[in-house]
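Colleague: Before I rely on the labels used for this model, I would like to hear how each one is justified.

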Number of protein chains: 2
Amino acid sequence: MVLRNQVEWALHCCSILAAMPDQEVSTRDLAAFHGVPKEYLSKALQALSRAGLVEGSLGKTGGYRLARKPEAITFLDIVQAVEGKRRSFECSEIRQNNPCLPEDFKVKGVCAVARVMYDADEAWRAHLRSVTLADLGKNLQRDVPVEILADSRQWFVRT
Amino acid sequence: MVLRNQVEWALHCCSILAAMPDQEVSTRDLAAFHGVPKEYLSKALQALSRAGLVEGSLGKTGGYRLARKPEAITFLDIVQAVEGKRRSFECSEIRQNNPCLPEDFKVKGVCAVARVMYDADEAWRAHLRSVTLADLGKNLQRDVPVEILADSRQWFVRT
DNA sequence: GGTATTTTACTCGGATAGTCTATGTCCGAGTGAGTCTGG
DNA sequence: CCAGACTCACTCGGACATAGACTATCCGAGTAAAATACC
């Protein structure tokens with residue numbers, strides 16, 4: 001029940017992309033900056049691309065850029081792109097096995113246990129949906145010294 | 001990022017135990033009622049026992065009963081007992097790898113990305129914490145016909 | 001009939017095995033920009 | 001000088017390998033109640 005580390009990588013990479021709106025950033029640079037294996041990080045970026053959150057371009061000067069404005073991309077978008085949209089709880093309807101149920105009797109509605117779990121899952125999603133990449137950028141400006149933010153952005157600038 | 005099916009089993013079993021306060025229920029009966037493998041279900045019940053949510057007794061007439069009143073056991077208790085207490089997001093501090101950080105410079109505080117994920121996790125936990133086994137029992141009484149509830153309870157009564 | 005022994009049915013825990021998922025590596029095909037070559 | 005060929009660095013996708021987690025299954029030790037044996 002733990003998210004895969006690709007989710008963390010994808011969030012940090014999107015944070016970078018949001019800070020570099022004027023150019024594309026290559027997988028190689030993103031991987032080197034974060035110290036993670038390039039080939040594997042590539043999987044996460046491909047997932048973001050499939051979900052339409054980032055756009056990749058091919059060729060020598062290729063790389064990724066955000067497909068939408070940072071205000072229009074939420075944490076939930078990114079998490080779901082990488083992790084999938086399955087709910088954290090899957091009801092296997094074991095209540096239907098109850099030997100006391102009459103023949104051909106189907107319990108109707110959502111299982112009472114599952115309903116609680118689904119609501120909890122929705123609370124989790126609602127919070128992720130409420131935070132955008134733009135919000136994340138603002139928080140970073142508050143937490144990180146300005147010169148480090150500037151240096152980091154400069155690190156990605158194409159010479 | 002999906003909870004294991006033992007969580008579902010544990011929740012349903014606790015629901016049964018809450019409905020049978022006057023006797024102990026054996027793993028065998030719980031497994032047969034739900035149509036799941038007895039030996040494996042036993043692992044989930046052992047986890048509940050280790051967490052102090054249920055009490056098992058040995059011997060021929062042994063079985064489990066709730067260790068506390070249904071009002072005092074939340075969904076979160078059960079989920080954490082089976083699934084563990086790890087958060088759904090684990091920050092590996094990849095921000096510390098930033099090549100622009102000065103030597104021996106430690107970014108302070110919780111990573112901005114992690115903070116959002118932690119808050120979402122807490123929203124999930126808060127909802128699970130807000131629902132008790134007693135609440136679940138009330139919902140079942142509303143959803144399931146009375147005679148089926150009575151038959152099911154009778155199914156577990158020791159002869 | 002009462003006590004001691006045996007049987008039975010359960011819990012608990014460890015050992016084991018198969019399958020699935022997550023993690024990570026490797027490689028080839030396709031692409032586009034810059035570079036080189038030939039006229 | 002300019003058009004076409006070439007090279008390079010990148011994306012994309014699939015194939016593959018490994019480790020760990022999940023899903024079981026099995027068995028032995030311990031325990032308590034019931035059944036049985038024995039005096």
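**Labels and their grounds**

Modeller: This is a predicted model, and in it a base oxygen of DNA strand D is 3.2 Å from a polar backbone atom of B:Gly59.

Colleague: Why is the approach of B:Gly59 to a base oxygen of DNA strand D called a polar contact?

Modeller: A polar contact is a pair of N or O atoms within 3.5 Å, and the distance for B:Gly59 is 3.2 Å, so the pair qualifies. A polar side-chain atom of A:Lys43 lies 2.9 Å from a base oxygen of DNA strand D, and a polar side-chain atom of B:Asn5 lies 3.4 Å from a phosphate oxygen of that strand; both values fall within 3.5 Å, and these pairs therefore count too.

Colleague: Which residues come nearest to DNA strand D?

Modeller: Of the 24 residues around DNA strand D, these are A:Arg28, A:Lys43, A:Tyr64, B:Pro37 and B:Leu58, while sugar and phosphate account for 65% of the strand's atoms that come within 4 Å of the protein.

Colleague: What makes A:Asp143 and B:Arg115 a salt bridge?

Modeller: The closest N and O atoms of A:Asp143 and B:Arg115 are 2.8 Å apart, and the limit between a side-chain nitrogen of Arg and a carboxyl oxygen of Asp is 4 Å, so the name applies. Between chain A and chain B the count is 2 salt bridges.

Colleague: How much area is buried between chain A and chain B?

Modeller: About 5,000 Å² is buried there, with carbon and sulfur atoms giving 71% of that area. A:Met1, A:Glu8 and A:Ile94 supply 15% of the area that chain A buries against chain B, more than any other three residues.

Definitions and conventions. Residues are numbered from 1 along each chain as its sequence is written. Chains are lettered from A and ligands numbered from 1 in the order in which they are written. This is a predicted model: local features need pLDDT of at least 70, side-chain atom pairs count only at pLDDT 80 or more; totals for chains, interfaces and linings use all residues. Side-chain values use heavy atoms; hydrogens and water are left out. Buried area is the accessible area (1.4 Å probe) that two parts lose on being put together, summed over both. A residue is near a molecule or strand if one of its heavy atoms lies within 4 Å of it. A polar contact is a pair of N or O atoms within 3.5 Å; within protein, one must be able to donate a hydrogen and the other to accept it, and residues adjacent in sequence count only if both atoms are side-chain atoms.
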